Amino acid sequence: MKKTVFFGALTVAGLTAGMASAATLDDVKARGSLNCGVTTGLVGFAAPDAEGVWEGFDVGVCRAVAAAIFGDPTAVEFVPTTGQTRFTALASGEIDLLARNTTWTMSRDVDLKFEFVGVNYYDGQGFLVPKALGVTSAKELDGATVCIQTGTTTELNLADFFRVNDISYEPVPIETNAEGQQQYLAGACDVYTTDASGLAATRATFENPADHVLLPEIISKEPLGPLVRHGDNEWGDIARWTLNALITAEELGVTSENIEELAATPGNNPEVNRLLGTEGELGAQLGLDADWAKNAIAAGGNYGELFDNNIGENTSIGLARGLNAQWTDGGLIYSPPFR
Amino acid sequence: MSTLTDPPKPGFRLSQLIYDTRYRSITIQVIALALIVAAFWWLGNNTVNNLNALGKDFNFGFLNSAAGYDINQKLIEYNNQMSHGRAALVGILNTLLVAFLGCIAALIIGVFVGVLRLSKNWVVSKLMAVYVEGFRNVPLLIWILLIGAVMSESMPQPREFRGENATQSMYFSDNVAVTNRGIWIPRIGFTNSVSGEEAVAPVEGAAAVASGGLDWLLVLGTLGLSLFAMRLVRQRADRIQQATGERPTTWYQRLGLLIIPVGIVLFLLGATIVSPYLKGFNFTEGIHLRNSLIALWFALSLYTGAFIAEIVRAGILAVSKGQSEAAAALGIQPSRTMNLVILPQAMRVIIPPLISQFLNLTKNSSLAIAVGYMDVRATLGGITINQTGRELEGMLLMGAFYLALSLVISGGMNYYNRSTQLAER
């Protein structure tokens, strides 16, 4: 940990940042695959299945972007990142896109020099406690031991919440969700706190999910979304409009089932035609093929399908759409028009 | 008589730079220097360019902004409204704490095991061999994780201590609680504290106590003076022995000097033992040794202790057999031979490699992240970097800290090394 680290850090910073400054799309095309940063494993959002194939809601975004560029949703290298390593990985160019339940905050957008391309899940921070504890409100947690992932916004929200309510707590810093789960189940902490969606996903993997409750308090706004590096606007556009394409597809009723049919010939809805590339030149404007959005949607379905298949009410995670319903259904999910 | 021809003028040709051994070494050094300078320039230039490309500047202003996160183990006052610099300092002190505790424990373990491994008792020496080979041949990280997992998985939860028919009870007449969140041990509070801190009653109905730095300074200062006085007594005994051959019995004087002054100071300050007790979710009062500290401390000490044991064994074996035979011939008891003859000579061999083991232990303490111990790597090098995006600055500061700490340790140990070296005439 002496001079070598210093030089090593300089070298790494120098070499990787050198890569980062080139056009990301060209790099990705030359490489033949997209490097996508995901969690180290959070069922429903990003986790490898029994065959080692990554799947989940965030993984769906990665696959859609890869499909939009290459027409192949499997042309993705998944890079597992922790709460602490994710930003360095993105800033250094190790990954091209970070889709890892990352909260959009001003300082991350402005000071850390990242570009959030949209919100794919509106979340808030919650608390998970064992039922046996008999706690019904987060304000009763005075003196509790709380497991918290380091390097997250939840860590800061937690500090704020306990300070505002003038109660004390003992933080147990953990690195990954798996570690948090182990510590929580062993009883080394009374409470596990992170985004409510993550808590629901974690609880779904417990042996007895019914023995644990989510406290009613949601103590923060956590708009989670994919992000890219600041400075390469063309690349940011591709990620942003791929996400928008998934959202618009749900709004327009384009699903992975009827997409082949709709894309074969121009139909009578011009917005569907523009989205699927049978009319206009939206793909060329992004520097992609005309059927980019069709490929992205066909990869894992539209936004609603991704939600229902990975984290929706029919899965073990069982999250309701809530704020994440389409704006036409009273939710916040809203894409600018394809025009 | 033919005339003598002048020796040929040694004209300097460029090829001599390569083929002439007188110049070649200089040539190579100049080229190497140029390459190193070029490499540095390239690295520096690259860093500056890429920071510009990312739109980042290089400044340490982030150290003054509010940290916003909490730290569980803090040796100095800290809350989440204090600065990142303060958080880094809390982390530095935690690193120093675990490095200090680890070095002491590793030294004690190492000396014991190293001596015992040379024991003539077959069982003892083989047991020590198993310890040494077992610990030094398994990666440190695995020991840290293993001890951490054993602590958190196999110990009882605090809530199991609660209620009329609790399934767990505290040890040493309700003074020590061993839980899966760490171990709570009693602390000493002062009813007549001079530190100026506000006295608080640990339990309702008990006398109010405080324990400030000034109180401990008084106690430790008294202890230091006692130790100094004990040394004077010993030196006097040495002088009398030199002069008369009779050594006066001093153990009761020294014991008295050790205990009585400290006892008086503690009594005047009104020292009382404050035991931990269960309150709410956790135990409160007392000193909380967190799982992370225990796992890291034990793993570092046991791991490094195995290496130190081998160094000690090598040092003892390096003292020639004639020394112990001579001691036996002079009638020195075998038990005193080790302390008076063998170890002082072995120290000369032991100390230099011991320095690097201490340095290893200190630097290895940065593995703290595995069990969530909040050392400088976790605060400055982890959360602060993550929240502020100042990777380069944070890493440089952390590197500078470890460099400085290592230099201080090796400086101190080298000073001690010189004092034990053979004074050659």
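**View 1. A helical stretch of chain B, residues 87–116.** Over residues 87–116 of chain B, the chain is 100% helix and 0% strand. The C-alpha atoms at the two ends of this stretch stand 43 Å apart. The model is predicted. Residues 23–43 of chain B are likewise 100% helix and 0% strand, with end C-alpha atoms 31 Å apart. Both stretches appear in the unreviewed UniProt entry under "transmembrane region". That entry also lists residues 128–151, 216–234, 255–274, 294–319 and 395–416 of chain B.

**View 2. The open sheet of chain B, with strand order S1-S2-S7.** Three strands form this open sheet, and their pairing is antiparallel. Strand S1 (177–179) and strand S7 (287–290) of chain B are the edges, each pairing on one side only. On average, neighbouring strands are turned by 15 degrees against each other, direction ignored. Strand S2 (residues 182–185) of chain B is joined to S7(B) by four bridges, and the two run antiparallel. One residue pair to look for is B:Ile183 with its bridge partner B:Leu289 in S7(B).

**View 3. Helix H8 of chain B against the sheet.** Helix H8 covers residues 291–318 of chain B. This helix lies across S2 and S7 of chain B. What angle does H8 make with S7(B)? The helix runs at about 60 degrees to that strand.

**View 4. Where chain A touches chain B.** Chain A brings 42 residues to the contact, and chain B brings 41 residues. On the side of chain A, the elements giving two or more residues are helix H1 (3–20), helix H4 (86–92), strand S9 (144–149), helix H6 (153–164) and strand S10 (169–174). H1(A) gives the most, with nine residues. By class, this side of chain A has 19 nonpolar, 14 polar and nine charged residues.

**View 5. Confidence along chain A.** The mean pLDDT of chain A is 88. Of its residues, 94% reach 70 or more. Residues 13–21 of chain A have pLDDT below 50. In the model, this stretch has 24 contacts beyond near neighbours in sequence. Where pLDDT is low, predicted coordinates should not be read in detail.

**View 6. Strand S11 of chain A and its two partners.** Strand S11 (residues 191–195) of chain A is mostly covered, with five of its five residues buried. Strand S8 (residues 125–130) of chain A pairs with S11(A) in the antiparallel sense, over four bridges. S9(A) runs parallel to S11(A) and is joined to it by three bridges. Which residues meet A:Thr193 from these strands? A:Phe127 stands opposite A:Thr193. A:Ile148 has A:Thr193 as its bridge partner.

**View 7. The surroundings of A:Leu215.** A:Leu215 sits in the loop between strand S12 (212–214) and strand S13 (222–224) of chain A. Is this residue buried or exposed? A:Leu215 counts as buried because it has 21 C-beta neighbours inside 10 Å. Leaving out residues up to four places away in sequence, A:Leu215 touches A:Gly126, A:Phe127, A:Val129, A:Val135, A:Ser137 and A:Ala138. A:Lys139 is 76 residues away along the chain, and its C-alpha atom is 9.9 Å from that of A:Leu215.

**View 8. A:Pro48 in strand S2 of chain A.** A:Pro48 lies in strand S2 (residues 47–48) of chain A. With 15 C-beta neighbours inside 10 Å, this residue counts as partly exposed. A:Pro48 touches A:Val53 and A:Trp54, not counting residues up to four places away in sequence. The C-alpha atoms of A:Pro48 and A:Lys139 are separated by 36 Å, with their positions 91 residues apart along the chain.

**View 9. Positive phi at A:Asn101 and A:Asp166.** A:Asn101 is not a glycine, yet has a positive phi of about 35 degrees. This residue is in the loop between strand S5 (97–98) and helix H5 (106–110) of chain A. A:Asn101 counts as buried because 27 C-beta neighbours lie inside 10 Å. A:Asp166 is not a glycine either, and has a positive phi of about 55 degrees. A:Asp166 belongs to the loop between H6 and S10 of chain A. With 8 other C-beta atoms within 10 Å, A:Asp166 is exposed.

Note on methods. Residues are numbered from 1 along each chain as its sequence is written. Chains are lettered from A and ligands numbered from 1 in the order in which they are written. This is a predicted model: local features need pLDDT of at least 70, side-chain atom pairs count only at pLDDT 80 or more; totals for chains, interfaces and linings use all residues. A residue is buried if 20 or more other C-beta atoms lie within 10 Å of its own, exposed if 12 or fewer, and partly exposed in between; C-beta atoms are placed from the backbone. Two residues are in contact if their C-beta atoms, placed from the backbone, lie within 7 Å. UniProt positions are given in the numbering used here, feature names are shortened, and annotations may be inferred rather than shown by experiment. pLDDT is the predictor's confidence in each residue, from 0 to 100. Ala, Val, Leu, Ile, Met, Phe, Trp, Tyr, Cys and Pro count as nonpolar, Asp, Glu, Lys and Arg as charged, and the others, Gly among them, as polar. Two strands pair if DSSP finds at least two bridges between them. Axes are lines fitted to C-alpha atoms, for helices over the stretch in contact, and angles run from 0 to 180 degrees between N-to-C directions.
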